[in-house]
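Please look over the sequence and the model shown here before reading on. The report after them is written for a first-year student.

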Amino acid sequence: MIIKQNLIKFISLILSLFFIFPVNALAQSFIDDAANYTVRFRVLVDHPFVEDTNEDEIIKSWLGAGFVVDKSSGLIVTNAHVSGVGNTFIKIAFKGERFINAELIYVDPELDIAFVKVNPKQMPKSSKQGILSCSKTIKSGTAVAAYGHPKDLKFSASRGIISKQRFLYGNEVIQTDAAINSGNSGGALINLETGLIVGINKATIEESSGIGLAVPSYLVCKIL
């Protein structure tokens with residue numbers, strides 16, 4: 001009887017490892033792919049609009065992230081608070097590449113979404129296009145990774161889960177416990193089960209511990 005129970009435990013362990021390893025390998029490949037469609041943002045402004053100021057302090061420059069959504073046309077999405085709402089000088093850089101000029105072509109401060117465009121000929125051959133999830137819902141508990149450049153730690157990921165989709169401050173957001181820090185804004189929130197991008201990293205709730213927010217990717221699909 002004891003031998004039979006031990007055999008059952010052993011078989012269960014082998015089966016669990018059989019399923020865990022492929023899942024972890026897939027998650028790693030999705031994170032590796034993100035390095036090829038994610039970019040760094042460097043934004044400068046001489047005469048900022050009100051939306052580009054912070055409590056009477058004029059911000060002259062800032063950094064952030066974004067990712068390619070259409071490689072053929074050089075289209076990159078980010079947050080509006082990363083791109084600025086206008087009158088900004090935007091440069092982006094792929095991993096291992098120099099900064100190049102980008103043109104702001106669409107901005108929605110309310111949704112916190114912006115699109116910039118670069119010359120496709122200046123994009124590295126290794127660059128890829130991120131694949132968006134255009135579904136309106138994502139299950140709570142789904143494993144995700146927030147990708148970007150947190151605290152200028154370039155091209156790195158933090159893992160967590162989807163806590164909930166909710167309306168907050170009048171906007172629809174995805175709540176996650178994946179760490180989102182300054183520099184992550186505009187980067188991809190990646191579903192580690194499918195590799196699809198489910199959101200754009202947005203912010204962390206002030207004075208909270210591990211409450212990150214992202215803009216749902218289906219809103220980007222609608223704009224596109």
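The text below goes through the chain as a whole, two of its strands, its aromatic rings and its disulfide.

**Basis of the report**

This is a predicted model, in which local features need pLDDT of at least 70 and side-chain atom pairs count only at pLDDT 80 or more, while totals for chains, interfaces and linings use all residues. Residues are numbered from 1 along each chain as its sequence is written, and side-chain values use heavy atoms, with hydrogens and water left out.

**The chain as a whole**

The predictor's confidence in each residue is given as pLDDT, on a scale from 0 to 100. For the protein chain the mean pLDDT is 86, and 83% of the residues reach 70 or more. In residues 13-21 the pLDDT is below 50, and beyond near neighbours in sequence this stretch has 1 contact in the model. A contact means heavy atoms within 4.5 Å. Among the contacts in the protein chain with a separation of 6 or more, 63% are between residues 24 or more positions apart.

The protein chain has 3 helices and 14 strands. Helices (H or I, at least four residues) and strands (E, at least two) are DSSP runs, numbered from the N terminus. Of the 224 residues in the protein chain, 46% are buried. Here buried means under 20% relative accessible area, exposed means over 50%, and partly exposed is in between, with a 1.4 Å probe and protein chains only.

**Two strands and their partners**

Two strands pair if DSSP finds at least two bridges between them. Strand β6 covers residues 88-94, and 5 of its 7 residues are buried. Strand β1 (residues 38-45) runs antiparallel to β6 and is joined to β6 by 7 bridges. One of the bridge partners across these strands is phenylalanine 89 in β6, which faces leucine 44. Strand β7 (residues 100-108) also runs antiparallel to β6, with 3 bridges between them. Here isoleucine 90 has alanine 102 in β7 as its bridge partner. The strands β6 and β7 form a hairpin with 5 residues between them, and glycine 96 in the turn has a positive phi of about 75°.

Which strands pair with β14? Strand β11 (residues 171-176) pairs with β14 in the antiparallel sense over 3 bridges, and strand β13 (residues 197-204) does so over 5 bridges. Leucine 213 in β14 stands opposite glutamine 175 and also opposite alanine 203. Strand β14 itself (residues 212-216) is mostly covered, with 5 of its 5 residues buried.

**Aromatic rings**

A pair of aromatic rings is described by two values, the distance of the centres and the angle of the planes. Rings of Phe, Tyr and Trp (its six-membered ring) pair if their centres lie within 6.5 Å; planes under 30 degrees apart count as stacked, over 60 as edge-to-face and the rest as tilted. By this rule there are 2 aromatic pairs, set out below.

| Pair | Centre to centre | Angle between planes | Kind |
|---|---|---|---|
| Tyrosine 37 and phenylalanine 67 | 6.4 Å | 65° | edge-to-face |
| Tyrosine 106 and phenylalanine 115 | 5.9 Å | 65° | edge-to-face |

Tyrosine 37 is in helix α1 (residues 2-37) and phenylalanine 67 is in strand β4 (residues 61-70), so this pair ties together parts that are 30 residues apart in sequence. Both tyrosine 37 and phenylalanine 67 are buried. In the other pair, tyrosine 106 counts as partly exposed because its relative accessibility is 32%, whereas phenylalanine 115 is buried, with a relative accessible area of 2%.

A ring can also have a charge over it, if NZ of Lys or CZ of Arg is within 6 Å of the ring centre and within 35 degrees of the ring normal. The charged end of arginine 42 sits over the ring of phenylalanine 99, at 4.0 Å from its centre.

**The disulfide**

How many disulfides does a search of the whole structure find? The search finds 1 disulfide, where the term stands for a pair of cysteine sulfur atoms within 2.5 Å. Cysteine 134 and cysteine 221 form this disulfide, with their sulfur atoms 2.0 Å apart. Cysteine 134 lies in the loop between β8 (113-117) and β9 (143-148) and cysteine 221 lies in helix α3 (residues 217-223), so the pair ties together parts that are 87 residues apart in sequence. The torsion about the S-S bond is about -80°, so the disulfide is left-handed. Cysteine 134 counts as exposed, at 51% relative accessibility, and cysteine 221 counts as buried, at 18%.
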